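Visitor: Could you take me through this structure step by step, giving the reasoning behind each answer?

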Amino acid sequence: MSNPEYDIFVDRKIYPDAAEIFATSLQSIENIKNQCLFVIDTNALLLPYTITKESINEIKRVYQILVDDKRLFIPGQVAREFAKNRPEKIKELFQKIIRKRDNMRQFSSGKYELLKDISEYKEILDLEKKIDELMQDYSKKIGIVGDHIKEWEWNDPVSKAYSDLFAAEAIFDPIYNEQEIQEKLKFRYVHKIPPGYKDGGKPDDGIGDLLIWQTILDLAKKEKKDVIFITGEEKADWYYKSEGQILYPRYELITEFA
């Protein structure tokens, strides 16, 4: 028996105007990049925690240009997800640094009297001693770096950069009726309408992606402009994929945006 919650006329909901199916088009990034809005996803905001300081500075430079043009926006849900996930990224960084020290071993592990008359063996012992001294210094430096990380609150390099960039006007945070959003999420989940249904197993049932998507739609409607969504998302509820590669955005999303 079919799912009683499944709407057999769901295609009419997704594509209410059949004639527009053949009229809908997706402009190239090249054509819209100089006048469109840019919206940043959570994973893109968190990315600098895994790259070099030089890259962070370059990101900040580019974002600053868009902020000055009033063309860069952070959905309220993205800001909240950043606050939630930022500590985990710092914990991962701290873990990687400290494990470098924990996985170290001493090179000098004993002397072999049988080899003491071999000149090269004496050189080995001298080298082992020097290496161990360097490793001890290395271990101390790792400890100091770890202490610096432990002192970060909201003043790590990434958070400081964002504090400089994103004033209140860059945050777009519409207020939604929670019951209406939950009903919309349920309908989209049952009918596998992107985005968010791939996150149905999460504690929040994937509400985050839907809130971000709804914010993008409302922002585009308010500003009457196209949007480039900066994201590292690769799940199939955002893109069509084949052979493990992303092809292009889901047609349902393009139609809904149009």
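The questions and answers below concern a predicted model.

Visitor: In what order do the four strands of the open sheet stand?

Guide: The strands of this open sheet pair in the parallel sense. Strand S1 (residues 37–40) and strand S2 (residues 72–75), for example, are joined in parallel over two bridges, and in this pair phenylalanine 38 stands opposite leucine 72 of S2. Read across the sheet, the order is S3-S2-S1-S4.

Visitor: Which strands are left without a neighbour on one side in the sheet?

Guide: A strand with a single partner strand has one side without a neighbour in the sheet, so the strands to look for are those at the edges. These are S3 (171–172) and S4 (227–230).

Visitor: Which helix lies across S1, S2 and S3, and at what angle does it run to S2?

Guide: The helix that lies across these three strands spans residues 76–102 and is H5. Its direction relative to S2 is given by an angle of about 65 degrees.

Visitor: Which residues have the most contacts inside the largest nonpolar core, and which helix gives the most to this core?

Guide: The largest nonpolar core has 42 residues, and those with the most contacts inside it are Ile40, Leu45, Leu72, Tyr162 and Phe166. The helix that gives the most, with six residues, covers residues 207–223 and is H9. Apart from this core lies another of five residues, among them Ile181, Ile207, Leu210 and Leu211.

Visitor: What does phenylalanine 166 touch, beyond residues up to four places away in sequence?

Guide: Phenylalanine 166 is among the residues with the most contacts inside the largest nonpolar core. With residues up to four places away in sequence not counted, the residues that phenylalanine 166 touches are Ile40, Leu45, Tyr63, Val67, Leu72, Ile74 and Ile171.

Visitor: Are H8 and H9 roughly parallel or roughly perpendicular to each other?

Guide: Helix H8 (residues 178–190) packs against H9 with the axes 10 Å apart and at an angle of about 110 degrees. Angles of 65 to 115 degrees count as roughly perpendicular, and H8 and H9 are therefore roughly perpendicular.

Visitor: Which residues make the contact of H8 with H9, and how many of them are charged?

Guide: Helix H8 contributes Ile181, Lys184, Leu185 and Arg188, while H9 contributes Ile207, Leu210, Leu211, Trp213 and Gln214. By class, this contact has six nonpolar residues and one polar residue, and the number of charged residues is two.

Visitor: Is arginine 188 buried or exposed, and what is it in contact with?

Guide: Arginine 188 lies in helix H8. Its relative accessible area is 7%, and as buried means under 20%, arginine 188 counts as buried. Leaving aside neighbours within four places in sequence, the contacts of arginine 188 are Ile193, Pro194, Pro195, Tyr197, Leu210, Trp213 and Glu256.

Visitor: Where is the cis peptide bond that involves proline 195?

Guide: Proline 195 belongs to the loop between H8 and H9. With omega near -5 degrees, the cis peptide bond runs from proline 194 to proline 195.

Visitor: What phi does lysine 192 take, and is this residue buried or exposed?

Guide: Lysine 192 is found in the loop between H8 and H9, and its relative accessibility of 51% makes it exposed. Although lysine 192 is not a glycine, its phi is positive, at about 55 degrees.

Visitor: Which residue takes a positive phi in the hairpin of S5 and S6?

Guide: Strand S5 (residues 239–242) and strand S6 (residues 245–249) pair in the antiparallel sense over four bridges, with tyrosine 239 opposite proline 249 and serine 242 opposite glutamine 245. The hairpin has two residues between its strands, and the residue with a positive phi, near 55 degrees, is glutamate 243.

Visitor: What distance separates the C-alpha atoms of alanine 258 and threonine 24?

Guide: Alanine 258 sits in the segment after helix H10 (251–257) and is exposed, with a relative accessible area of 73%. Although alanine 258 and threonine 24 are 234 residues apart along the chain, their C-alpha atoms are separated by 7.3 Å.

Key
Residues are numbered from 1 along each chain as its sequence is written. This is a predicted model: local features need pLDDT of at least 70, side-chain atom pairs count only at pLDDT 80 or more; totals for chains, interfaces and linings use all residues. Side-chain values use heavy atoms; hydrogens and water are left out. A nonpolar core is a set of buried Ala, Val, Leu, Ile, Met, Phe, Trp, Tyr and Cys residues joined through side-chain atoms within 4.5 Å. Buried means under 20% relative accessible area, exposed over 50%, partly exposed in between (1.4 Å probe, protein chains only). Contact means heavy atoms within 4.5 Å. Two strands pair if DSSP finds at least two bridges between them. Axes are lines fitted to C-alpha atoms, for helices over the stretch in contact, and angles run from 0 to 180 degrees between N-to-C directions. Angles under 35 degrees count as roughly parallel, over 145 as roughly antiparallel, 65 to 115 as roughly perpendicular and the rest as oblique. Ala, Val, Leu, Ile, Met, Phe, Trp, Tyr, Cys and Pro count as nonpolar, Asp, Glu, Lys and Arg as charged, and the others, Gly among them, as polar.
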